[in-house]
Amino acid sequence: MTDSERISGRAEAVHRLHAARPRSRFARWSGIAFVGLVAVAWTSPALRPGDFLSPRRLANLRRFLGELVPYPLQQGEGENAARVAVAWSLDMLGDKGWSAAGTSLALSVAAIVLVGALAAVCMLVAARTLATPEPYVESPRTPSRLRQRAWRALAAGTRAVLVFLRSIPEYIWAFLLLAILGPGVWPLVLALALHNLGILGKLDAEVVENLDPAPMAALRGLGAGRLQIATAAILPLSLPRLLLFFFYRWETCVREATVLGMLGVVSLGYWIVDSRARNHYDEMFFFVLLGAALVLLGDLLSAVARTLVRRAS
Amino acid sequence: MLVGARGLVLGTIALVGLWAAWELGLDPRDLIPGSGGLALAGELFSRAFSPAWTYESAVPEGTVPLPLKALEAARVTVMLAAAALGLSVVVGLFLGLAASTATWVGSAHGGRCAWGRCLNVTSPAIYGVSRVFIALLRSVHELIWAVLFLAAFGVGQFSAVLAIAIPYSGTLAKVFSEMLDEAPRDAAEALRSAGASPAQIFLFGLLPQALPDMTAYAFYRFECALRSSAVLGFFGYPTLGYYLAASFENLHYGEVWTYLYTLLGLVLLADAWSGALRRRLVPGGVR
């Protein structure tokens, strides 16, 4: 084979690869439609990006930025500014910061542990491989139409409930539940739990459906019931993936927990809104930074946990 | 041994959960609503199957009908979400590039020209700085940005767009960079050994491999942006949350469900769209 032949052969192979690349007219039109939607949104007269930086607003911004500085420093403590700032921050931490950050963290943990347990149950009912009259192995007698329909309805119904739960944001759940249950911690825990159950339940059910069916089929062949299959095969086999999703959702729970307090329970969000209402912007900024630190801590812990899970499985 | 490890992990999680419950003073007895709460829950949920089609109190002459009002709120919700996500995708793409180890594959040995040598020196710094920057972007929730912007500028729809766009840029950048990292590198390696420039390696070797995943993920984030945009209504922006809160506070529970179902419809539409796209783009992908 000469060089030129080899090259033209390669070009042909590349051409064939290019022609065989995955293409989808739907994807292309989706992209075009989305870009169009973004263009319409950006040119909407209500948006007025230019107005955002009008001279009046810039003046507002300058005043605002000045007020973010801790109050004692605004009074002019030129020489020992650093010491004053540290003392002020420690005061804030001891006064409200630590307990508010602790509450936010506890909110996220309580909610995600509750969700983890509930989702592990929901996934068994929502997984179409298990929620059927003949899981994993066909039974000798064809199951009646009624039993088939009942199992299908159970799985579909669970999925519909999960969709509804995740469609409503945490904040709106919290808003509604606070009115029903009265001020307290439960509404916020439940709000985080309901929305995330919708997400985690769906993800976990997909994990179960995507498991290699052989071990479950073997158990079923030995005459194991659904519960036995679930505890002996499905739960242990799916645990690593369930844990990955569990920690991934916990991360977002920490983020949400920092703001749910805005609806009136003592967490970081509460103090952010409270100090804003009292025009103490320095305190507000302090709690915003504390919330950011908490979210970063959550991200870090979650990343470490997920690496450990990946390495162990 | 394996069972022991499993038990240890689950036991630890349960213990930490108990600590959280103790720290918050969670008491299962508090889950039972008082008589007032029970009555409210009854009134609220009895309207779930009969959302309002007309206002539940007298409105001034010339007010738009309720369904139109809900649609208008939905339109603003969609517009703010789309504007924010459009911005986030652009920012996230550039940041995600900078924060992906795969991006720098091309420059690792590309010290032939002054630009290549310069990249060799600066790329670890760019990579590190953008990773930290992404984490910082993500660390402040969109509602907190909304509160900050309200305090700094006052109400304006553009600040709502920015409030959503900042954390979403961070999230998209993080996930984009992970997708670029996980994309197969053989094409990029082949291009590099053929002497392609870093830009060519990226555009023709890496990006096409990761693009389906990235597109599907961006569409999923649109669904999230719709929810965030609706919630921003609670802070005075004219999205679904604004009208929902107002109706709830006026005890017009039928209207609450009208707005809730409108939001549900929007989210389901976005979900169906991104789901259809994912099935075509990512064969066998779960998330």
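**Exercise 1. Decide whether Ser275(A) is buried or exposed, and say where Ser275(A) lies.**

Solution.
- Start with accessibility. In this predicted model, Ser275(A) has 0% relative accessibility.
- Apply the cut-off. Buried means under 20% relative accessible area, so Ser275(A) counts as buried.
- Now place the residue. Ser275(A) belongs to helix 12 of chain A, which covers residues 268-277.

**Exercise 2. Find which backbone atoms lie beside the polar side-chain atom positions of Ser275(A), and list what Ser275(A) touches.**

Solution.
- Take the oxygen partner. A polar atom of the Ser275(A) side chain is 2.5 Å from the backbone oxygen of Trp271(A).
- Take the nitrogen partner. The backbone nitrogen of Met284(A) is 3.3 Å from a polar atom of the Ser275(A) side chain.
- Check the limit. A polar contact needs a pair of N or O atoms within 3.5 Å.
- Widen the view. Residues up to four places away in sequence are not counted here. Ser275(A) then touches His280(A), Glu283(A), Met284(A) and Phe287(A).
- Join the two results. Met284(A) is among the residues touched, and the backbone nitrogen of Met284(A) is the atom at 3.3 Å.

**Exercise 3. Place Ser238(A) in its helix, classify it as buried or exposed, and name its contacts.**

Solution.
- Locate it. Ser238(A) sits in helix 11 of chain A, residues 226-260.
- Classify it. The relative accessibility of Ser238(A) is 0%, so Ser238(A) counts as buried.
- List the contacts, leaving aside neighbours within four places in sequence. Ser238(A) is in contact with Met123(A), Val207(A) and Leu211(A).

**Exercise 4. Say what is notable about phi at Asn279(A) and at Leu251(B), and where each residue is found.**

Solution.
- Recall the background. Most residues other than glycine have a negative phi.
- Look at chain A. Asn279(A) is not a glycine, yet its phi is positive, at about 60°. Asn279(A) is in the loop between helix 12 and helix 13, the latter spanning 281-312 of chain A.
- Look at chain B. Leu251(B) is not a glycine either, and its phi is positive at about 60°. Leu251(B) occupies the loop between helix 9 (240-249) and helix 10 (253-281) of chain B.
- Add the accessibility of the leucine. With a relative accessible area of 56%, Leu251(B) is exposed, because exposed means over 50%.

**Exercise 5. Describe the build of chain A: its elements, its spread and its surface.**

Solution.
- Count the elements. Chain A has 13 helices and zero strands.
- Compare the radius of gyration. Chain A has 28 Å, while a compact globule of 313 residues would have a value near 20 Å.
- Give the extents. The C-alpha trace of chain A spans about 85 × 70 × 45 Å along its principal axes.
- Look at burial. Of the 313 residues in chain A, 47% count as buried.
- Look at sequence separation. Take the contacts in chain A with a separation of 6 or more. Residues 24 or more positions apart account for 72% of them.
- Turn to the surface. Chain A exposes about 16100 Å², and carbon and sulfur atoms supply 64% of that area.
- Finish with charge. Chain A has 33 positive and 22 negative charges, whose mean positions are 11 Å apart.

**Exercise 6. Describe chain B in the same steps: its elements, its spread and its surface.**

Solution.
- Count the elements. Chain B has 10 helices and zero strands.
- Judge the spread. The radius of gyration of chain B is 25 Å, well over the 19 Å that the globule rule gives for 287 residues, so chain B is more spread out than a compact globule.
- Give the extents. Along its principal axes, the C-alpha trace of chain B spans about 75 × 60 × 40 Å.
- Look at burial. In chain B, 51% of the 287 residues are buried.
- Look at sequence separation. Take the contacts in chain B between residues at least 6 apart in sequence. Of these, 74% join residues at least 24 apart.
- Turn to the surface. Chain B exposes about 13200 Å², with 69% supplied by carbon and sulfur atoms.
- Finish with charge. Chain B has 18 positive and 18 negative charges, and their mean positions are 12 Å apart.

**Exercise 7. Place Thr122(B), classify its accessibility, and give its separation from Phe45(B).**

Solution.
- Locate it. Thr122(B) is part of helix 4 of chain B, residues 114-139.
- Classify it. A relative accessible area of 29% makes Thr122(B) partly exposed.
- Give the separation. Thr122(B) and Phe45(B) are 77 residues apart along the chain, and their C-alpha atoms are separated by 59 Å.

Terms used
Residues are numbered from 1 along each chain as its sequence is written. Chains are lettered from A and ligands numbered from 1 in the order in which they are written. This is a predicted model: local features need pLDDT of at least 70, side-chain atom pairs count only at pLDDT 80 or more; totals for chains, interfaces and linings use all residues. Side-chain values use heavy atoms; hydrogens and water are left out. Helices (H or I, at least four residues) and strands (E, at least two) are DSSP runs, numbered from the N terminus. Buried means under 20% relative accessible area, exposed over 50%, partly exposed in between (1.4 Å probe, protein chains only). A polar contact is a pair of N or O atoms within 3.5 Å; within protein, one must be able to donate a hydrogen and the other to accept it, and residues adjacent in sequence count only if both atoms are side-chain atoms. Contact means heavy atoms within 4.5 Å. The radius of gyration is taken over C-alpha atoms; the globule rule is 2.2 Å times the number of residues to the power 0.38. Accessible areas come from the Shrake-Rupley method with a 1.4 Å probe; for residues, only the protein chains shown count as cover. Lys and Arg count as positive and Asp and Glu as negative; His and the chain ends are not counted. The place of a charge is taken as NZ of Lys, CZ of Arg, CG of Asp or CD of Glu.
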